[in-house]
Amino acid sequence: MKMNAKSSSLLWTLSIFVLSNSVVHSFSATMPGAGGRDRSDVEFGHHHDHSQGSKTGARCEEVTIPMCKDMPYNKTILPNLMGHATQEEAGYEVHQYYALVKVQCSPSLKIFLCSLFSPFCNILHEPLPPCRSLCEAVRNGCEHVLLTFGLPWPDYFDCSRFPLHNELCVNGDIPPQILPPAGSNDSYSHHAIPTTDSPRGYSPQHLSCPSDWSDPEHSISSVGHELQECGPPCSIFTPHQKQVASYVVGVVASVTLISSLFTVFTAILDPTRFHYPDRAIVHIAVCYVGLGVCYIIGAFGSSEISCSKGFIVLGPGSASCTLLFMFTYFLTFSSHIWWVLLSLTWYLSAGLTWGGEAIADYSLYFHLSAWGISAFVTMASVALGYVEGDPLAGPCSLGVQRSTELQYFMMFPLIALIVIGTIFFVLGFFGLFRIRGEIKRSSTIMSTASDKVFVGSAGGQRSLLGWDQQHQNITSEQPSRRGPAAGFEILMARIGVFSVFFLLTSLAFLVALFYISTPLSEGGVLMPIIGSQSHRDNQLLFIMYLVRYIANLGFGCALIIWVLSWKTLMTWKRAICGPTVNK
C-alpha cells in the first residue's frame, strides 16, 4: 500500500508522540517534581471565594513555554493548575503533547493545555481552570487518536472534574462544528474572562468589567456585546491627558466663537448684504456661537459637571450636565440642518434661478425645520434619559455608555442630513456651471454685462449674480474692474471650498462617532482599556474624543472666511469710526 507524503508525516508525528509519551511517563515515575505526582487527585475548585487566591503565594511571570507563547496573553500565573511551581517543570510536561497539537486533532487543544499548564494571569490572582465544555470538545477530537496507539485519555484530563459553563472558567474559541449537542447542560457559552494582560485583539466576548469600573448604575453596550453594571470611571484619562485636551478644546472653541461672532455682528451691521442664500450662513454662525460657549464650559469644567461619585454621569440626574447636553445636542443638529438649507437655497438660486425675495418667502418653513426638528430630538433624548457626561474635556453628550443611542440619535440622522445637503450642493453647482456659461456668452456681446445682466425669476427679483456682487472685494462706491465671468468663478470657488470644508469636518466627526459608538467591537476604543488591566492603553479613545471635539467645531472656525472682504472691513470701519469715514 502506498502512502503519500502527508500520511507519512502524520504517522511519523504520531509515532514520535507515542514514544515521547512513554519515555516521559517512565521518567516521571522516578523523578518527583517532573510529572511524578499523581494528577488524579488534582482538584479544580469552583472559585467561589476569590479573596483567598491572593494569599496562596501566587505570582505572575512572562510566558516562556514555547507552546503557549502565541496565546492571547503574555503572562502566566504560578503555581499552575497541575501543581508546577516553575515554568520549566510545566514546559517539560506539556511538551509531551506537542506532537498531538501538531496533528491538529482539535483546534481547541492548545488553549486547553495552556489553561492547565500556563494559565493566564488575572485580577483574581489564581489560575482559572478550563470549562468542561472546552475539555469535552478537545476529548471528542483527540481521544480516538490516543486510543489508536493504545494510550488512554489521561485521568487528570477527566472532563467531569472541570467546572460547568456557568462557573468562572476558560471557554476558549470553540468552532461550532465541535460544540456539544443542542440542549446539553454543558453547551458552549461566552462567559467572561477577567484577564489582565490580554492584547489589543482580544475577543470582545471574553471581556469582563474591570474591578474599578464596576458600578450597578452603569452599563456599556456595543453591537452584539454588553457589560452590565459597568461604567467608565472619572479616572479613565490621566490628568495630563485632560490638561492637554482642555487646552486644545479651549483654543479651538475660542477661535470658533470669535469667527462666529464676527460673522453674526457683520450681518447685524450690514443686514442688506445678507439675503438668502447668505442668510443661512448667519444662522449657522449663531449655532456655532452657542457651540463655542458649550465647549469652552466643557473644556474647563468637565470634571465637575461630568463626574458623579467617581463615575461618568449617566442619565439626567445632574442638572448642569443635562442643561449642557441639551444646548450642545440642539446646536449640533441645528447647524447641520441649516447647512442642508444653505445647500437647498444655493440650488434654488443657481439651479432653478429663484431670486432672493422668492426664497425668503419660505424662511418661516426654514426656521421651523431647523429649530423645530432639533428641539424635538433634543427633548426626546432627555426624556429617554440619554444624557451622558464627557470623560475628557467636552460638554455632556452621547458617548460610550450610550453607544446604540449615539448611533440612532446622532450618527445616522447626521449621515442623512449630510447626504441630503450634498445632493442639493451638487445640483446647485451644476446650476452654477450653467450660469457661468451664460455669463461668458453674454460677455462676448456686452462688455458691461457684470452691471446689468440678471438671471432671475419673473419680476426682476434679486438673483445669484446680485449675490455675487456682494462678495466682490470692493466697496459699493467702486465699480468692478473684473470681468463678469472671472468674478463668478471666484464665487464658485468660494462656495466649493466652503462646502468641501464642511463635508470634511462632518466626515471626521462621523468617523469619531463611529468608533465611540462601537466601543466593545473588534478594534473598539474600549478594547485596549478593558481587555488589559496592567497595560491599559486609552490612546485610541483619547484621539477619537479629540477628533470629535475639533471636527464638531472646525466649520465654525471657517465662517469668518465667507464674510471677510474689503467691503466687510469698510463696514466695521464705519461702525467703529463713524459713518463720515469714506477714505
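This report describes the fold, the nonpolar cores, the annotated spans, the surface and the salt bridges of one protein chain.

## The chain as a whole

The model is predicted, and the secondary structure of its chain comes to 17 helices and six strands. Of the 583 residues of the chain, 54% count as buried, while the accessible surface comes to about 26,200 Å², of which 64% belongs to carbon and sulfur atoms. Among the contacts between residues at least 6 apart in sequence, 75% join residues at least 24 apart.

## Two nonpolar cores

The largest nonpolar core of the structure has 98 residues, and within this core Trp338, Leu526 and Leu541 are the residues with the most contacts. Helix α8, which covers residues 319-351, gives the most to this core, with 17 residues. Another core lies apart from the largest one; this other core has 38 residues, including Val101, Leu124, Leu134 and Cys159.

Leu541 can serve as an example from the largest core. When residues up to four places away in sequence are not counted, Leu541 touches Ile236, Phe237, Val400, Val525, Leu526 and Ile529. One of these partners, Leu526, is itself listed with Leu541 among the residues that have the most contacts inside the core.

## Spans annotated in the record

An unreviewed UniProt entry carries the annotation "transmembrane region" for residues 244-269, 281-303, 323-350, 362-387, 407-433, 491-516 and 542-564. Two of these spans can be compared with the predicted coordinates. Over residues 244-269 the chain is 100% helix and 0% strand, and the C-alpha atoms at the two ends are 37 Å apart. Residues 362-387, by contrast, are 81% helix and 0% strand, and here the end C-alpha atoms lie 34 Å apart.

## A nonpolar patch on the surface

Which residues form a nonpolar patch on the surface? The patch consists of Tyr408, Phe412, Ile415, Val419, Ile423, Val426, Leu427, Phe430 and Phe433, and together these residues have about 840 Å² of accessible area. Tyr408 has its place in helix α11, which covers residues 403-443. Because its relative accessibility is 55%, Tyr408 counts as exposed, the cut-off for that word being over 50%.

## Two residues and their distant partners

Phe501 lies in helix α14, which covers residues 484-517, and with a relative accessible area of 33% Phe501 is partly exposed. Leaving aside residues up to four places away in sequence, Phe501 touches Gly554, Phe555 and Ala558. Of these partners, Phe555 is 54 residues from Phe501 in sequence, yet the two C-alpha atoms are 7.0 Å apart in space.

Gly83 has its place in the loop between β2 (75-78) and α2 (87-94), and at 39% relative accessibility Gly83 counts as partly exposed. Gly83 and Phe117 are 34 residues apart in sequence, while their C-alpha atoms are 8.7 Å apart in space.

## Salt bridges

Side chains of opposite charge can pair when their charged atoms come close. How many salt bridges does the structure hold? There are three salt bridges in the structure, and the table gives the partners of each with the distance between nitrogen and oxygen.

| Salt bridge | N to O distance |
|---|---|
| Glu61 and Arg59 | 3.0 Å |
| Lys110 and Asp70 | 3.1 Å |
| Glu143 and Arg139 | 3.2 Å |

In the pair of Lys110 and Asp70, Lys110 lies in helix α4 (residues 109-117) and Asp70 in the loop between β1 (59-62) and β2, so this salt bridge ties together parts that are 40 residues apart in sequence. Lys110 counts as partly exposed, with a relative accessibility of 24%, whereas Asp70 is exposed, with a relative accessible area of 52%.

The pair of Glu143 and Arg139 is placed within one helix, α5 (residues 132-148), and because these two residues are four residues apart in that helix, they are separated by about one helical turn. Glu143 counts as partly exposed at 21% relative accessibility, and Arg139 counts as partly exposed at 27%.

In the remaining pair, Glu61 counts as partly exposed at 26% relative accessibility, and its partner Arg59 counts as partly exposed at 34%.

Definitions and conventions. Residues are numbered from 1 along each chain as its sequence is written. This is a predicted model: local features need pLDDT of at least 70, side-chain atom pairs count only at pLDDT 80 or more; totals for chains, interfaces and linings use all residues. Side-chain values use heavy atoms; hydrogens and water are left out. Patches are made of residues with over 30% relative accessible area and no salt bridge: like charges are joined within 9 Å, nonpolar side chains (Val, Leu, Ile, Met, Phe, Trp, Tyr) within 5 Å. Accessible areas come from the Shrake-Rupley method with a 1.4 Å probe; for residues, only the protein chains shown count as cover. A salt bridge is a side-chain nitrogen of Lys or Arg within 4 Å of a carboxyl oxygen of Asp or Glu. Buried means under 20% relative accessible area, exposed over 50%, partly exposed in between (1.4 Å probe, protein chains only). A nonpolar core is a set of buried Ala, Val, Leu, Ile, Met, Phe, Trp, Tyr and Cys residues joined through side-chain atoms within 4.5 Å. Contact means heavy atoms within 4.5 Å. UniProt positions are given in the numbering used here, feature names are shortened, and annotations may be inferred rather than shown by experiment.
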